[in-house]
Amino acid sequence: MANRILVAVVGIPLLLAVLLFCPAVGISAAAGVLCAIAAYELLGKTDYLRYRVMLIACVVWAFAVPLWVYFDLNLVAGLAGLLLFTVVQFAVAFASHEDVTVGELGACYLGGLVIPAMFSALVLLADMEHYRFYILLPFIASFCSDASAYFVGRAVGRHKLAPVLSPHKTVEGSVGGVAGAVAGCAVYGLILGASTTAQANLPALLLYGLLGSAVSQFGDLAFSYIKRQFQIKDYGHLFLSHGGVLDRFDSVIFCAPLTVVMVSVLPFFQF
């Protein structure tokens with residue numbers, strides 16, 4: 001418990017400082033570092049990817065994707081990067097004399113490209129006008145959902161939600177997670193509405209809290225599914241007892257793209 005409190009005391013102010021005061025390029029670089037660590041956790045810490053060249057390529061590309069998004073490189077540059085990444089992975093597979101499995105190749109794309117692309121939604125948020133109003137939303141929805149689901153599940157949880165994937169998660173906790181995310185987003189909107197000139201669109205924020213909690217919980221289960229496959233408890237120990245990057249940000253990885261989509265469609269704030 002002491003380690004969890006220490007991580008929260010140090011980590012939350014640091015996260016806020018990066019998200020609210022760093023320029024977009026700094027946020028993209030920080031996202032790149034987290035994506036590189038996540039790729040290493042998924043492919044290296046699990047000992048699933050046995051070939052170092054493939055692992056290094058995944059880590060490098062995972063770091064590069066958020067920067068590619070920030071610098072808004074064109075489709076041709078993206079295709080060139082995708083081609084090079086694919087050539088490297090299959091070249092190692094060819095040289096392995098069919099020892100590299102199709103599953104390992106698929107995991108390379110998940111860790112090196114898909115997860116970084118989803119997490120790079122934070123970079124898109126950081127590049128928006130009035131970004132400070134939006135950049136915290138994926139974390140508010142995810143963290144409020146996680147915390148509420150945990151405490152409600154501990155207090156009144158009786159019915160298992162997904163006993164094979166995550167034995168401790170309950171239906172009651174899931175409902176509590178939705179309520180916590182909705183309440184967190186509403187409070188966030190009210191605080192900004194009272195302390196700034198912006199006017200919060202509460203119905204849109206309530207809808208975002210509902211959907212944000214749903215995809216956050218889905219992301220949590222998705223990465224629990226992977227952990228079950230490898231029979232591991234945590235992906236890493238970067239955040240001490242909170243686990244690694246994928247343990248701490250699994251929900252945010254799914255919630256960040258939703259935020260970009262909804263912000264693009266619904267006016268969360270009027271300025």
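**Legends: the whole chain and helix α3**

**Figure 1. Secondary structure of the protein chain.** Eleven helices and four strands make up the secondary structure of the protein chain. The model is predicted. Along its principal axes, the C-alpha trace spans about 60 × 45 × 30 Å.

**Figure 2. Overall packing of the protein chain.** A compact globule of 271 residues would have a radius of gyration near 18 Å; the protein chain has 19 Å, so the two agree. Of the 271 residues, 44% count as buried. Among contacts with a separation of 6 or more, 74% come from residues 24 or more positions apart. The accessible surface is about 13,700 Å². Carbon and sulfur atoms hold 72% of that surface.

**Figure 3. Close-up of helix α3, residues 52-70.** The helix has 19 residues. At 1.5 Å a residue, α3 should span 27 Å; its end C-alpha atoms lie 28 Å apart, so the span agrees with the expected value. A kink of about 25° lies at A64. The proline P66 follows shortly after the kink.

**Figure 4. Buried face-to-neighbour contacts of α3.** The buried residues of α3 are M54, L55, A57, C58, W61, A62, V65, P66 and V69. P66, the proline shortly after the kink at A64, is thus listed among the buried residues. These buried residues pack against α2 (24-45), α4 (75-95), α5 (102-119) and α6 (121-126).

**Figure 5. The residue D72, just after α3.** Here the backbone of D72 takes a positive phi. The value is about 55°.

Notes: Residues numbered from 1 in each chain as written. Predicted model: local features only at pLDDT ≥ 70, side-chain atom pairs only at ≥ 80, totals over all residues. Heavy atoms only, no water. Helix = DSSP H or I, 4+ residues; strand = E, 2+ residues; numbered from the N terminus. Expected span 1.5 Å × (residues − 1). Bend = angle between axes of the 7 residues up to and from the residue. Buried < 20%, exposed > 50% of the residue type's maximum accessible area, 1.4 Å probe, protein only. Contact = heavy atoms within 4.5 Å. Rg over C-alpha atoms; globule rule 2.2 N^0.38 Å. Areas by Shrake-Rupley, 256 points an atom, 1.4 Å probe, with all protein chains shown as cover.
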